[in-house]
Amino acid sequence: MVRIALITVNINRLFLTGFLFETMKVTRQYSALDRLIIDFDGFLRQAKPAKSPVNRPDPADSVAEMPMDTLMRTLSASLMRVNHAGEVSAQALYQGQGLTARNPQVRQIMKTAALEESDHLVWCQQRLQDLHSHTSYLNPFWYVGSFSFGLIAGLMGDHWSLGFVAETEHQVVRHLDTHLVRLPENDQKSRAILQQMRIDESHHATVAVESGARELPEPVKHLMRFCSSVMTTIASRI
Ligand SMILES: [Fe+2]
Ligand SMILES: [Fe+2]
């Protein structure tokens, strides 16, 4: 718990540092390192629900809360914690890829998708709060790991990077399908969120394919599936 508190303090410090960089953006051309810190700041802002800019309404707002017993709530919370961790990773991936993208259009695709992912992040976080549960304690780890993957994917070149996006999003859509089956019948609020996320993720895949995504080799797809299964298993518990 002490370590978690220290991480929180450091995150808050970085949040303030990021604010300074935000004001610098309008007055200067910034370097790759500046952009890295600004992108990291973007995540930190979205990790603080009270200050997060939500671009679209939460799909759960238009759905009535139905009664759920403890077992149902626990199951819903563990599924939504996995999805929240997935959104942390999605933003980190897109930010890493945006930073190393060579073509400005590809960089813009990554930034637009990251913005939509930030909606998902806020919706999942709000739902976890409503379920009286918590986000994954390992979110900083998921973020840093995924950001590194994003940087590497971007460095491989734009077509491979777009291929990585397409494959990631296809896997996310299949993952969401399993969660839509596993969610308790009465948790229509979480269902509404996941359904909108599924539409967005599928759109991200389509945009990547139409922008010139290259098909990834099978071993890479296997490795991606393995990494995501490790993350989903751990994040469902802590
Ligand atoms: Fe997402
Ligand atoms: Fe996505």
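Aspartate 187 touches Met68, Met72 and Ser76, leaving aside residues up to four places away in sequence; a contact here means that two C-beta atoms, placed from the backbone, lie within 7 Å. This is a predicted model, where local features need pLDDT of at least 70, side-chain atom pairs count only at pLDDT 80 or more, and totals for chains, interfaces and linings use all residues. Residues are numbered from 1 along each chain as its sequence is written, while chains are lettered from A and ligands numbered from 1 in the order in which they are written.

**Overall make-up**

- The chain has eight helices and zero strands, with helices (H or I, at least four residues) and strands (E, at least two) taken as DSSP runs numbered from the N terminus.
- Going along the sequence, you get the pattern α-α-α-α-α-α-α-α.
- Of the 238 residues in the chain, 37% are buried. The cut-offs are 20 or more other C-beta atoms within 10 Å for buried, 12 or fewer for exposed, and partly exposed in between, with C-beta atoms placed from the backbone.
- Take the contacts between residues at least 6 apart in sequence: 82% of them join residues at least 24 apart.

**Around aspartate 187**

- Aspartate 187 sits in the loop between H6 and helix H7 (188-210).
- Aspartate 187 counts as buried because it has 25 C-beta neighbours inside 10 Å.
- Proline 67 is 120 residues away from aspartate 187 along the chain, yet their C-alpha atoms are separated by 8.4 Å.

**H3 against H6**

- Helix H3 (residues 70-100) and helix H6 (residues 158-182) pack at an angle of about 170°, and their axes are 12 Å apart. Axes are lines fitted to C-alpha atoms, for helices over the stretch in contact, and the angles run from 0 to 180 degrees between N-to-C directions.
- That makes H3 and H6 roughly antiparallel to each other, a label used for angles over 145 degrees.
- On the H3 side the contact is made by Leu79, Asn83, Gly86, Leu93 and Gln97, and on the H6 side by Ser161, Thr168, Val172, His179 and Arg182.
- Sorted by type, the residues of this H3 and H6 contact come out as three nonpolar, six polar and one charged. In this scheme Ala, Val, Leu, Ile, Met, Phe, Trp, Tyr, Cys and Pro are nonpolar, Asp, Glu, Lys and Arg are charged, and the others, Gly among them, are polar.

**H4 and the loop after it**

- Helix H4 (residues 104-130) has 27 residues, which should span 39 Å at 1.5 Å a residue, and its end C-alpha atoms are indeed 39 Å apart. The expected span is 1.5 Å times one less than the number of residues.
- Histidine 132 lies in the loop between H4 and H5, and has a positive phi of about 60° although it is not a glycine.
- Histidine 132 counts as exposed, since it has 8 C-beta neighbours inside 10 Å.

**H5 and its far end**

- H5 has 17 residues and reaches 24 Å from first C-alpha to last, close to the 24 Å expected.
- Its buried residues are Asn139, Trp142, Tyr143, Ser146, Phe147, Gly150, Ala153 and Gly154.
- These buried residues lie on the same side of H5, because they cover an arc of only 125° around the axis; the arc is that of the directions from the helix axis to the C-beta atoms.
- Leucine 155 belongs to H5 (residues 139-155) and is partly exposed, with 15 other C-beta atoms within 10 Å.
- The C-alpha atoms of leucine 155 and glutamine 97 are separated by 7.9 Å, with their positions 58 residues apart along the chain.
- After H5 comes glycine 157, with a positive phi near 115°.

Note on methods. Parallel < 35°, antiparallel > 145°, perpendicular 65-115°, else oblique.
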